[in-house]
Amino acid sequence: MNKKIVLAFSGGLDTSFCVIYLKELGYEVHAVVVNTGGFSPEELQTIEQKAYSLGVASHTTIDETENYYNESVKYLIFGNVLKNGTYPLSVSAERVCQATAIANYAKKIKATAVAHGSTGAGNDQVRFDMIFNILIPNIEIITPIRDLKLSREEEIVYLAKHGVAINAEKAKYSINKGLWGTSVGGKETLTSNLYLPEEAWPTPVTKTTPEVVEIVFEHGEPIALNGIQMTPTEVIQQLQDLAQPFGIGRDIHVGDTIIGIKGRVGFEAAAPLILVKAHHTLEKHTLTKWQLSWKEQLSTFYGNYLHEGQFHDPVMRDLEAFLSSTQQTVNGKVWIELHPHRFVVQGIESDNDLMSNAFGSYGEMNNTWTGEDVKGFSKIFGNQVMIWHKVNQQEDE
């Protein structure tokens, strides 16, 4: 009987447990790591070595970095998406990309089952299960950590019994790194009052002298950093390297999970936060009032729906078409000053700037209307409200 199973593998505690456990169940384990821009070549090599040392039948690395940007991150920039005004969807968006890649690989090798290391208390279990049910509905889903209700301590003991040593100190924190930021989970994020200690953050603070960076956007996409043209993914990665050592973008997100409980997750996402704020500033100069208004409403829905794993609903393509349409005039340079634990958007320069002084200067002078025009406009603009007050004052009397 074919017992070929594809395991979404990261080399961490949970997926290491899954390899040993699935082998004990008699499965031929095919490990797959989906790189969404968070792994260096050296890290990927280490993960591969780890997979084979655990006894997998095969290990495959799928690089989805460019697809992840083009299919998700680009629209998060277009929409200035920060869930609850805080979180740039560092993990939730990439889980959709990873689950989709795993499903496609399982079809390719004709696996009879897929597995992931999600627990029974978070969002990832829903994202992975739902996408597998959508794309590969006839393939069985196995989730050892969730099904056995294991703690991290129990996993460490189990692996030790099978000759696999895990650094218990390192295992205290769950780190997920991708193109759009890094999430950090630990005992502190299971509380409502504790903040993550300095040693929990993957990037130490080593920069204290302020720096100014210049980002160029074309049709809403970042295409250059500090005068050097590059791909958007390269802008994100190099901006992250420049800004994260300032400790910028560290925070803890508190949100409503898909399964109806409150959850906290730490994250460091300097580049995503800077790009969202820089892009939004440029939009405020180059888009009309109602473009901005509708973008804000639809982007909130887009971000929330993506966060819940609903990437494959066709309404998402409709929203992406709208977001793309709004970006035609979002062109120009934005300057940002970096400081320890904060940044300042200094200003923009754009040929599409609607704040052009050719038409007037706010609070100073105008070139396209007269004072008499404003008198008439103001009277008409408030006419219906004036009528309401007159009618209802008469009734009160």
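The exercises below, each with a worked solution, concern a predicted model.

**Exercise 1.** Work out the order of the strands in the open sheet of four strands, and say which strands stand at the edges.

*Solution.* Begin with the order, which is S6-S7-S12-S11, with antiparallel pairing. Next, look at the ends of that order: S6 and strand S11 (250–256) stand at the edges, each with a single partner strand, so one side of each is left without a neighbour in the sheet. Finally, consider how the strands turn relative to one another, since the twist averages 25 degrees from one strand to the next.

**Exercise 2.** Describe how strand S7 pairs with S6 and with S12, naming bridge partners.

*Solution.* Take the S6 side as the starting point: strand S6 (residues 174–178) runs antiparallel to S7, and five bridges join the two. Together S6 and S7 make a hairpin, with two residues between them, and one of the bridges has glycine 178 with glycine 181 of S7 as its partner. Then turn to the S12 side, where S7 and strand S12 (residues 262–268) are paired in the antiparallel sense over three bridges. Among the residues facing each other here, valine 184 stands opposite glycine 266 in S12, while threonine 182 has glutamate 268 of S12 as its bridge partner.

**Exercise 3.** Why is strand S7 described as largely enclosed by the rest of the structure?

*Solution.* The cut-off comes first, because a residue is called buried when its relative accessible area is under 20%. Applying this to strand S7 (residues 181–185), four of the five residues are buried, so the strand is largely enclosed by the rest of the structure.

**Exercise 4.** Decide whether cysteine 18 and cysteine 97 are buried or exposed, and give the count of disulfides.

*Solution.* Cysteine 18 has a relative accessibility of 0% and therefore counts as buried. Cysteine 97 has a relative accessible area of 9%, and so cysteine 97 is buried as well. For the second part, recall that a disulfide is a covalent bond between the sulfur atoms of two cysteines. The rule asks for a pair of cysteine sulfur atoms within 2.5 Å, and by this rule the count comes to zero disulfides.

**Exercise 5.** Which residues make the nonpolar surface patch of about 230 Å², and where does isoleucine 387 lie?

*Solution.* The patch is made by Met386, Ile387 and Val391. Isoleucine 387 is found in helix H13 (residues 383–396), and with a relative accessible area of 42% isoleucine 387 is partly exposed, since that term covers values between under 20% for buried and over 50% for exposed.

Definitions and conventions:
Residues are numbered from 1 along each chain as its sequence is written. This is a predicted model: local features need pLDDT of at least 70, side-chain atom pairs count only at pLDDT 80 or more; totals for chains, interfaces and linings use all residues. Side-chain values use heavy atoms; hydrogens and water are left out. Buried means under 20% relative accessible area, exposed over 50%, partly exposed in between (1.4 Å probe, protein chains only). Two strands pair if DSSP finds at least two bridges between them. Patches are made of residues with over 30% relative accessible area and no salt bridge: like charges are joined within 9 Å, nonpolar side chains (Val, Leu, Ile, Met, Phe, Trp, Tyr) within 5 Å. Accessible areas come from the Shrake-Rupley method with a 1.4 Å probe; for residues, only the protein chains shown count as cover. A salt bridge is a side-chain nitrogen of Lys or Arg within 4 Å of a carboxyl oxygen of Asp or Glu. Axes are lines fitted to C-alpha atoms, for helices over the stretch in contact, and angles run from 0 to 180 degrees between N-to-C directions.
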